[in-house]
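Thank you all for coming. I would like to walk you slowly through one structure today, so please keep the display in view while I talk.

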Amino acid sequence: MSTDVIKPTAFRKFAFKKFIWVSIAAILASLVVTLLISSIYLGFSYQQATEKVRSELDSVLTQLQQANGNPSRIEALLMQIQPKVKQNTYQFVGAGISHYAIKESNKPSVKFNKLARAIETDRTLVQVFDVTHTALLGGVPLYYSPDCQTCELSDPKGKFIGSLLYERRITSPIFGTSIFGVFLLIFILNFFVIGVYMMTRTLEQDFIQPLKKLSQRIDHVRLDENDMVWQRQPQKIAEIDMIDEMITEHIQMLKAVHEKLDALMVTEHESGFFHQDRFKESLQFEIFRSERYKRPLSMIVIKLIKIISTSSNHEVSVAEKIHVFADLINHATRNVDMPFRVRDQLFVILMPEIDENDIRIVTRKYYERFSQPSHAATHESASFNFKIEIGYASYGYDATTANELMHAALARLTEDPTNTEKEKEV
């Protein structure tokens, strides 16, 4: 059993904390999902753009072969080629700085300048992905050898003459804005769905389930039982904890009222028989009447040992089983007989006008009746067998006082009165 002390929190404060945590978790989960989708999309677009750049770059290098390594002619050819390849932007950057002083208008941008310096230093192909502009930036070193007319510009056998830089947008500006809107919509939808799911689950676990359990505990409380089982259970939410506390107080009050009513009632509530206090008074009165009018008086004592359920698809309370047992006694007794419940499992029947011979026959009939299955009034499918011990005694024959009569009947308690009679006859 856990020894942790639960400190109830007001629902407003509790809900606010949960909402904050749920919101943070929903944002993180939405970001993960959105980044995953966008990464897949950008990766696919990057792969397609790379393949197209390679194919177009081969075509451009073939056309630039006509410049015979002349930087000015390379730039002129690029101006002619550029309108044909609208998705790509090409720029030639010659080796060294002197070229820029001559062609001020052709100075590369900052991003191209960095690429040109890297290519001139490493003499290798460079390609990077510009996330900000969703574009591919790259360049290849160009070489020229006057002695080799068949050598390509990318062949490093010649002299380095500069870098051919290119930029290719993966998406157009308009389409890029649309994609950004789509990703934003995906993020909002993910945030909404994940947030609603997590908030619903949180409310289910921390608010609805405690209320359901509280309702089930209330349903299991039975006012017709001697011991109303109820245990106070602290709750996380202060309002639910207050309800639990108030119900506990009311049940305790009902228990007290129930006990007082039982004390005031002549009959007890489960069996409908007279109480033990009434039994002593009635027994003494019947003994006086038997002596005065010289009439026989006998007593049967029944001890309920066990209640066996033979076929039941329903849960039947102990009070209902006692009620079935009491009905059996009522159906077997006469109008002048007086049944009592002197203890939880002990019943006494006072039988005026029954002598010592007749009481044996009556006792045997009672035993046979209780040996048969009995049904509950509320559930016909609920069937019970009652295991009992039964004893009897007659006033004037077995005893001359009330105490002696009771002791004589208790001394004869047996599970089968027929066997006792046979032993006596032998």
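Strands E1 and E4 run antiparallel, and seven bridges join the two. If you want one place to fix your eye on, take Gly94, which stands opposite Gly162 in E4. I should say at once that what you see is a predicted model, so please hear every value in this talk as one computed from that model.

How much of strand E1 is buried? Six of its seven residues, which span 88-94, are buried, and therefore the strand is largely enclosed by the rest of the structure.

Let me stay with strand E4, because Phe160, one of its residues, is half of an aromatic pair with Tyr143 of strand E3. A search of the whole structure finds seven such pairs. In the pair of Tyr143 and Phe160, the ring centres are 5.9 Å apart and the planes stand at 65°, so the arrangement is edge-to-face. Strand E3 covers residues 135-144 and strand E4 covers residues 159-169, so the contact ties together parts that are 17 residues apart in sequence. Both partners count as buried, Tyr143 with a relative accessibility of 7% and Phe160 with a relative accessible area of 8%.

A second pair is formed by Phe325 and Phe370, and this one is stacked, with 4.9 Å from centre to centre and 25° between the planes. Here the partners come from helices, Phe325 from H8 (residues 318-332) and Phe370 from H9 (residues 358-370), so the pair ties together parts that lie 45 residues apart in sequence. Phe325 is buried at 0% relative accessibility, and Phe370 is buried too, at 2%. These two residues also belong to one aromatic cluster, whose other members are Phe273, Phe347, Tyr366 and Phe386.

Now, what sits over the ring of Phe160? It is the charged end of Arg123, 4.2 Å from the centre of that ring. Arg123 itself is found in the loop between helix H4 (110-122) and strand E2 (126-130), and it counts as partly exposed because its relative accessibility is 40%. Its backbone deserves a look as well, since phi of Arg123 is near 55°, a positive value in a residue other than glycine.

Glu353 can be described in similar terms: this residue is not a glycine, yet it has a positive phi of about 65°. Glu353 lies in the loop between strand E7 (346-352) and H9, and with a relative accessible area of 34% it is partly exposed.

Finally, let us turn to the surface, where a nonpolar patch of about 1,000 Å² is made by residues including Phe16, Trp21, Leu28, Leu35 and Phe191. Which element gives the largest share of this patch? That is helix H1, residues 11-64, which supplies nine residues. Ile24, another member of the patch, is found in helix H1 and is partly exposed, with a relative accessible area of 41%.

To close, I would ask you to keep two places in mind: the ring of Phe160, with the charged end of Arg123 over it, and the nonpolar surface patch, to which helix H1 gives the largest share.

Technical notes:
Residues are numbered from 1 along each chain as its sequence is written. This is a predicted model: local features need pLDDT of at least 70, side-chain atom pairs count only at pLDDT 80 or more; totals for chains, interfaces and linings use all residues. Side-chain values use heavy atoms; hydrogens and water are left out. Patches are made of residues with over 30% relative accessible area and no salt bridge: like charges are joined within 9 Å, nonpolar side chains (Val, Leu, Ile, Met, Phe, Trp, Tyr) within 5 Å. Accessible areas come from the Shrake-Rupley method with a 1.4 Å probe; for residues, only the protein chains shown count as cover. A salt bridge is a side-chain nitrogen of Lys or Arg within 4 Å of a carboxyl oxygen of Asp or Glu. Helices (H or I, at least four residues) and strands (E, at least two) are DSSP runs, numbered from the N terminus. Buried means under 20% relative accessible area, exposed over 50%, partly exposed in between (1.4 Å probe, protein chains only). Rings of Phe, Tyr and Trp (its six-membered ring) pair if their centres lie within 6.5 Å; planes under 30 degrees apart count as stacked, over 60 as edge-to-face and the rest as tilted. A charge sits over a ring if NZ of Lys or CZ of Arg is within 6 Å of the ring centre and within 35 degrees of the ring normal. Two strands pair if DSSP finds at least two bridges between them.
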